[in-house]
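I opened this structure to look up how its side chains pair up and how its strands are arranged. My notes follow in the order in which I went through the topics.

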Amino acid sequence: MTLLLKPITRLSLFQTHFQINNNNNPRARATSVSCSWSHGAHKIVREFDPKIPIEKAITPPSSWYTDPSFYAFELDRVFYRGWQAVGYTEQIQEPRDFFSGRLGNVEFVVCREDNGKIAAFHNVCRHHASLLVSGSGKTSCFTCPYHGWTYGLNGELRKATRISGIEDFSINDFGLVPIKVATWGPFVLLNMDNEILQKDNIDTDNVASEWLGSSSELFSLNGVDTTLTYVCRREYIIECNWKVFCDNYLDGGYHVPFAHKGLASGLSLDSYTTSDDKAFIERSLADSEKVQMEDIRLCEGVQKGIESPAYSTGRYAPNVEKAMHHFHCLLYDNLIN
C-alpha cells in the first residue's frame, strides 16, 4: 500500500522563503534559502517540549502540520537521511522488472539488471527533466517519452537523439543519477544521503541497524524478514500532512470504536491468525479498503481543523496515546540534532 500524503502548504507562504536576486550562482541562492527555512523550522521545532511527561504534555503546534518551511526541513532531516522502505523484492523478482515511486520531491525508479543486480536512480531524464517511467513493469531500457533519450538498466545513457552540433558534451556524463539501494528481508530500501552514495558496498547488518535500530533483531527472530509475502499494491492520495496519518495510526486504537465500528465488532485478537487462503486474503483486502476510506475522511477532517484559527495545540490521553507521544519525541530528536 502506498500512501501519497500531500504536504498541506500555501503558495503565498512559499513565496516568503524565496528571493530573486542578481546572484548567478545557483548554489549560493540555494544555500541562502536553505539557511532561511532551517532557522525558521528550528524555532517551530522548539515549540514542542519532549521532556514534559505525557500527563502534562502539550501536543506539537499546528505549525508542525501546516508550515511549508517545516515540511521542507522534515524532508531534509528525516526522509532524505537514512534508509526508507519504498517497495518489496517481489516487485523486482526477475531481471528487467522495475517499479517507480516518489519520496517527498524525489522521483525514483528501482530495477533489476540483466545480471541480477538491483539498481535505483532518480526517475528523471538528464535532457529536459521529464519523468521516464510510471508504475511498474518489465523493460530492457528506460526511454524518455519526451525526446527519446534512452538509458540502460545500469543508468548509462545509450542514446541521445538529434544532438548533432552539440558541443562540450560527453555521453558518459549524462547517465541517470543513482540512488543507494539495499534490501532487508522482503523490503527494498533507498537512501538519499550523498555520503552513503559514495560507499561501494553496503553491509546488510548495518542497514538493518540504521533502519530499524534495536528492533531489527526482534523482527528477525520472529521471522518478519522471511515470512512476509507481497500481495498487491494500492495507492491512496490523502489531503493531509503525513504526520496526521501517523498520529491516527498511533492513537492506541482510541478512534476505532467510534470511526471503525465494523472493525471493532469483528476483530477478536484471541483468535486472530493469518493464512494463505485466497478467500481470506480477499476479505482482508476488502475490510482494509473500508477502514482506509474511513481513515482518509478522518485525517482530511483533522487537517482542515488544524488549519483553522481555532486550533493551536491539543493534549494527550495518557493511557492510550503513549505511542503518539513517543513518535513526536522521536521526531523532535531527529529535527533538533
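These entries cover aromatic pairs, a sheet, salt bridges and backbone angles, and I note at the outset that I was working with a predicted model.

**Aromatic pairs**

I began with the rings, and the structure turned out to hold 13 aromatic pairs. The pair that I looked up was Tyr-88 with Phe-187, whose ring centres lie 5.8 Å apart with the planes at 40°, so I entered the pair as tilted. Tyr-88 belongs to strand E2 (residues 83–88) and Phe-187 to strand E11 (residues 187–191), so this contact ties together parts of the chain that are 99 residues apart in sequence. For Tyr-88 I noted a relative accessible area of 30%, which makes the residue partly exposed, whereas Phe-187 counts as buried at 15%.

I then followed Phe-187 to Trp-211, where the ring centres are 5.5 Å apart and the planes stand at 65°, so this pair is edge-to-face. Here too the pair links distant parts of the chain, with Phe-187 in strand E11 and Trp-211 in helix H6 (residues 204–212), 24 residues apart. Trp-211 is partly exposed, its relative accessible area being 23%.

Which residues form one aromatic cluster? I wrote down Tyr-88, Trp-184, Phe-187, Trp-211 and Tyr-230. Elsewhere among the rings, I found Lys-243 lying over the face of Tyr-65, at 5.0 Å from the ring centre.

**A sheet and the salt bridge between two of its strands**

I next traced an open sheet of four strands, which are ordered E5-E4-E3-E6 and pair in antiparallel fashion. Strands E5 and E6 stand at the edges with a single partner strand each, so one side of each has no neighbour in the sheet. From one strand to the next I recorded an average twist of 20°.

Looking further at E6, I saw that three bridges join it to strand E3 (residues 97–103), the two running antiparallel; Phe-99 has Ser-136 in E6 as its bridge partner. Side chains connect these strands as well, for Lys-138 forms a salt bridge with Asp-97, with the closest N and O atoms 2.9 Å apart. Lys-138 sits in strand E6 and Asp-97 in strand E3, 41 residues apart. I noted Lys-138 as partly exposed at 47% relative accessibility, while Asp-97 is buried at 11%.

**Other salt bridges**

The structure holds 10 salt bridges, and I looked up two more of them. Glu-289 and Arg-234 meet through their side chains at 3.2 Å, N to O. Glu-289 lies in helix H12 (residues 278–307) and Arg-234 in the loop between helix H8 (224–227) and strand E12 (235–238), so the pair ties together parts that are 55 residues apart in sequence. Glu-289 is partly exposed, with a relative accessible area of 27%, and Arg-234 is partly exposed at 30%.

Asp-76 forms a salt bridge with Arg-77, with 3.9 Å between the closest N and O atoms. I noted Asp-76 as partly exposed at 28% and Arg-77 as buried at 16%; together with Arg-81, these residues are linked in a network of salt bridges.

**Backbone angles**

I ended with phi, keeping in mind that most residues other than glycine have a negative value. Ala-129 has a positive phi, near 75°, and is placed in the loop between strand E5 (118–122) and strand E6 (136–138). Asp-168 also has a positive phi, near 50°, and lies in the loop between strand E9 (157–159) and strand E10 (180–184). With a relative accessible area of 82%, Asp-168 is exposed.

How values were computed:
Residues numbered from 1 in each chain as written. Predicted model: local features only at pLDDT ≥ 70, side-chain atom pairs only at ≥ 80, totals over all residues. Heavy atoms only, no water. Phe/Tyr/Trp six-rings, centres within 6.5 Å; stacked < 30°, edge-to-face > 60°. Buried < 20%, exposed > 50% of the residue type's maximum accessible area, 1.4 Å probe, protein only. Lys NZ or Arg CZ within 6 Å of the ring centre and 35° of its normal. Pairing = 2+ DSSP bridges. Axes fitted to C-alpha atoms, helices over the stretch in contact; angles between N-to-C directions. Salt bridge = Lys/Arg side-chain N within 4 Å of Asp/Glu carboxyl O.
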